[in-house]
Amino acid sequence: MATLVEPPNRIKPKGKHYYTIWQTLFEIDTKYVPIKPIGRGAYGVVCSSINRETNEKVAIKKIGNIFENSIDALRTLRELKLLRHIRHENVIALKDVMMPIHRTSFKDVYLVYELMDTDLHQIIKSSQPLSNDHCKYFLFQLLRGLKYLHSANILHRDLKPGNLLVNANCDLKICDFGLARTNGVDGQFMTEYVVTRWYRAPELLLCCDNYGTSIDVWSVGCIFAEILGRKPIFPGTECLNQLKLIISVLGSQHESHLEFIDNAKARRFIKSLPCTRGRHFSQLYPQADPLAIDLLQKMLLFDPTKRITVLEALQHPYMAGLYDPRCNPPAQVPISLDIDEHWGEPMIREMMWNEMLHYHPEAASTNA
Amino acid sequence: MSGLEELRKKLAPLFDAEKGFSSSSTLDPCDSYTFSDGGTVNLLSRSYGVYNINELGLQKCTSRSVDETDHSEKTYKCCSHEMRIFGAIGSGASSVVQRAIHIPTHRILALKKINIFEKEKRQQLLTEIRTLCEAPCYEGLVEFHGAFYTPDSGQISIALEYMDGGSLADILRMHRRIPEPILSSMFQKLLHGLSYLHGVRHLVHRDIKPANLLVNLKGEPKITDFGISAGLENSVAMCATFVGTVTYMSPERIRNENYSYPADIWSLGLALFECGTGEFPYTANEGPVNLMLQILDDPSPSPLKNKFSPEFCSFVDACLQKDPDTRPTAEQLLSHPFITKYEDAKVDLAGFVRSVFDPTQRMKDLADMLTIHYYLLFDGPDDLWQHTRNLYSESSIFSFSGKQHRGPSNIFTSLSSIRTTLVGDWPPEKLVHVVERLQCRTHGEDGVAIRVSGSFIIGNQFLICGDGIQVEGLPNFKDLGIDIPSKRMGTFHEQFIVEPTSLIGCEPTSLIGCYTIVKQELYINQ
């Protein structure tokens, strides 16, 4: 549980109070009162809290020592920039970013999100039964949120069950935009430690240029398969093994479906894999709705140019009666992210401060 | 729209919203951990036994009874509250490395901090700790000093020998390539370390690359980051697991075949190729799949015969044989002509390293750290102050108020008296140092002379001005907005001559990185 404690150095800044949560010190605005810790992840500790001004429950995520690792710092900055613009019921809302006390030397960042109960990864690996209606509703919400993102020119690029938050009533929201890019910007070669491999599209694995929204569709297909089968469909141990697993399920590809691979060596590798007819999804998921199988097959096409789009997926018979374009307007404007991978700490710090000012415009006048 | 409403009504709740969702908590002994009530992390491993880590340090638990305890087994007591932690040196794929001073021994360390809540990092940490515990103190290998867990940050810190030069990757960024005589001498020492890892500890490093080959200002090269080594004692020296970065992996690893010590030889050969030519021999910017396919399909890279010596080319070619069974061992490579060629040439590694890394900046950093360390002791709590005694040797001299004090006991007594006077009658508010100016220069071969001046103010902790190295826990002077002239209660200036600790008769390696104040002069104006 959260414990109110004295501030360090016995210097109490105005407007802040201190709590210890799972032995981690939280320095938060006084309008938030922590309730209990709800998670600990790669970034840091998350605790549920109540906003005393609005009486709503929120999740506060503390990212400690954020500048120790520039990759993590850039991920956080990217998320701050993107989430400020996004307004959609299937994308997590970033409600507040707390202003640190010292502009030039702050080390921790506190993000305030709307509170969700758990994530899809926990649901999938639990024994909780999921009906066809559950699968359909989860998929619909994911596609609807993704359509909004793509209309804003945003590729998520790291969709996986752990990044899909859910409530008891089955509402679903996409989160973690640390790897998101705007479409058309040059893709960056990122270390495998950062990118989750199992949900990566073939064109990403093969490092083709000019990938697009189809990479997120592939990830959705992998997630959908995992909901149906309750385990990952392509749990590769490394890049080449990942590709082998994909081919072993989809079957060997005709030459015409490999034209998107611009690297001759990679194309030769795909052709050199053992000939196989693959396994039909109805064999992998015998209990699934035939329409779900059909949609899954269209999502997990090796060739990105043949893969179903988000809009086409929403119009697929499996989604019949759910998608209404009039209720799903596109994003206001395409969002541009001018983030340079080579920024050092001072620049990242300054950009973060500027993002925080959008949530605290009154702080712009002070010279802190 | 009506279809969506109908679907919603048919949905059964996933769980009781009031009770929330609780995930199952089954533990997999292969790669799991538990927290005990006291904040101790129990790292569990089926093969390697149990390690307990908390704020007080690392302790290995064995299944044997107390009576059978092996008293020769090393303990690594290294507590978080006994560390002064300074800024980051760098960050890698799975960790952040910071400089630190171990207060009881006044030793400068590299602290590698790892978040234990990510599965892959956790596994790396577990195998690294095991490797470090069992590969201590050998030429060519970075020394392990202990580990501890910090609840506040949820990280485990591994204390390693601080290499005050940098890595070969750092050198390549500045110099582009390294001359052959230097490489020959360096790789001879690295091969000794690798030969020890393979032949005595039966460990495959699995991440040999320029970034993990460090060198200090004395010119000593050492291998670090055994982070993904794995024990091989109980097998036929084969590994069937697969983790690691792409760049330096051998063909048999990429094919997911069994691999062993020869995989490290391949990586070493690639590292040498890159250091000698200034170029990584494969195209790396077209992604990991393309890189792997080049390693599998293309002929092994070979240095240009007309630009490099026959011995260098022969060494690289031997290491980069596609067939692991035809690669020489580390032991065999120690006899290779590329290594023996310069054996008697007395290559000046220290001179080379000092020409690459700025010794002046290194000295400044050292002076900053030692100064902060000293005044945090002086103005800090009594229990830490006791450690000041062993900052001095029997021949150390402290001058103050016209008197000279020699030896640890006398100096400690004298300083304690000054300290008591400054604390006064109301300890929460006492006279503390504010260092306003710091100058340093070399003294002798390894020592540094530090000249400090500043003010006394009433406060509760030491402060330092300027934009030098920062220490964790100490507020940045600029943020406090203190006006020194109006708060000044007196001024001081102090001179130190600090040298690396050396003691005749003791095991020399146990003191690497420790420092001694050999001369100190203090002047106070009230």
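The exercises below work through features of a predicted model.

**Exercise 1. Compare the expected span of helix α6 of chain B with the distance between its end C-alpha atoms.**

Solution.
- Helix α6(B) covers residues 261-277, which is 17 residues.
- The expected span is 1.5 Å times one less than the number of residues, so α6(B) should span 24 Å.
- The end C-alpha atoms of α6(B) are 25 Å apart, which agrees with the expected span.
- As to its surroundings, α6(B) is mostly covered, with 16 of its 17 residues buried.
- The residue that follows α6(B) is G278(B), and its phi is positive, near 80°.

**Exercise 2. Determine how helices α3 and α5 of chain A are oriented to each other.**

Solution.
- Helix α3(A) comprises residues 132-151 and helix α5(A) residues 214-229.
- Their axes come within 11 Å and cross at roughly 165°.
- Angles over 145 degrees count as roughly antiparallel, and α3(A) and α5(A) are therefore roughly antiparallel to each other.
- The crossing of the two helices is right-handed.
- On the α3(A) side, the residues that make the contact include F138(A), L142(A) and L146(A); on the α5(A) side, they include V220(A), I223(A) and F224(A).

**Exercise 3. Decide whether V353(B) is buried or exposed, and list what it touches.**

Solution.
- V353(B) lies in helix α11 of chain B, residues 349-356.
- Buried means under 20% relative accessible area; V353(B) has 0%, so it is buried.
- Leaving out residues up to four places away in sequence, V353(B) touches V215(B), N216(B), L217(B) and G219(B).
- I182(B) is 171 residues from V353(B) in sequence, while their C-alpha atoms are 9.7 Å apart in space.
- For the chain as a whole, 54% of the 526 residues of chain B count as buried.

**Exercise 4. Examine the phi values of N65(A) and R176(B), and state where each residue is found.**

Solution.
- Most residues other than glycine have a negative phi.
- N65(A) is not a glycine, yet its phi is positive, near 50°.
- This residue, N65(A), is in the loop between β6 (56-63) and α1 (70-83) of chain A.
- With 22% relative accessibility, N65(A) counts as partly exposed.
- R176(B), also not a glycine, has a positive phi of about 70°.
- The loop that holds R176(B) runs between α3 (168-175) and α4 (180-199) of chain B.
- R176(B) has 46% relative accessibility and therefore counts as partly exposed.

Definitions and conventions:
Residues numbered from 1 in each chain as written. Chains lettered and ligands numbered in written order. Predicted model: local features only at pLDDT ≥ 70, side-chain atom pairs only at ≥ 80, totals over all residues. Heavy atoms only, no water. Buried < 20%, exposed > 50% of the residue type's maximum accessible area, 1.4 Å probe, protein only. Helix = DSSP H or I, 4+ residues; strand = E, 2+ residues; numbered from the N terminus. Axes fitted to C-alpha atoms, helices over the stretch in contact; angles between N-to-C directions. Parallel < 35°, antiparallel > 145°, perpendicular 65-115°, else oblique. Left-handed = near helix turned anticlockwise from the far one by under 90°. Contact = heavy atoms within 4.5 Å.
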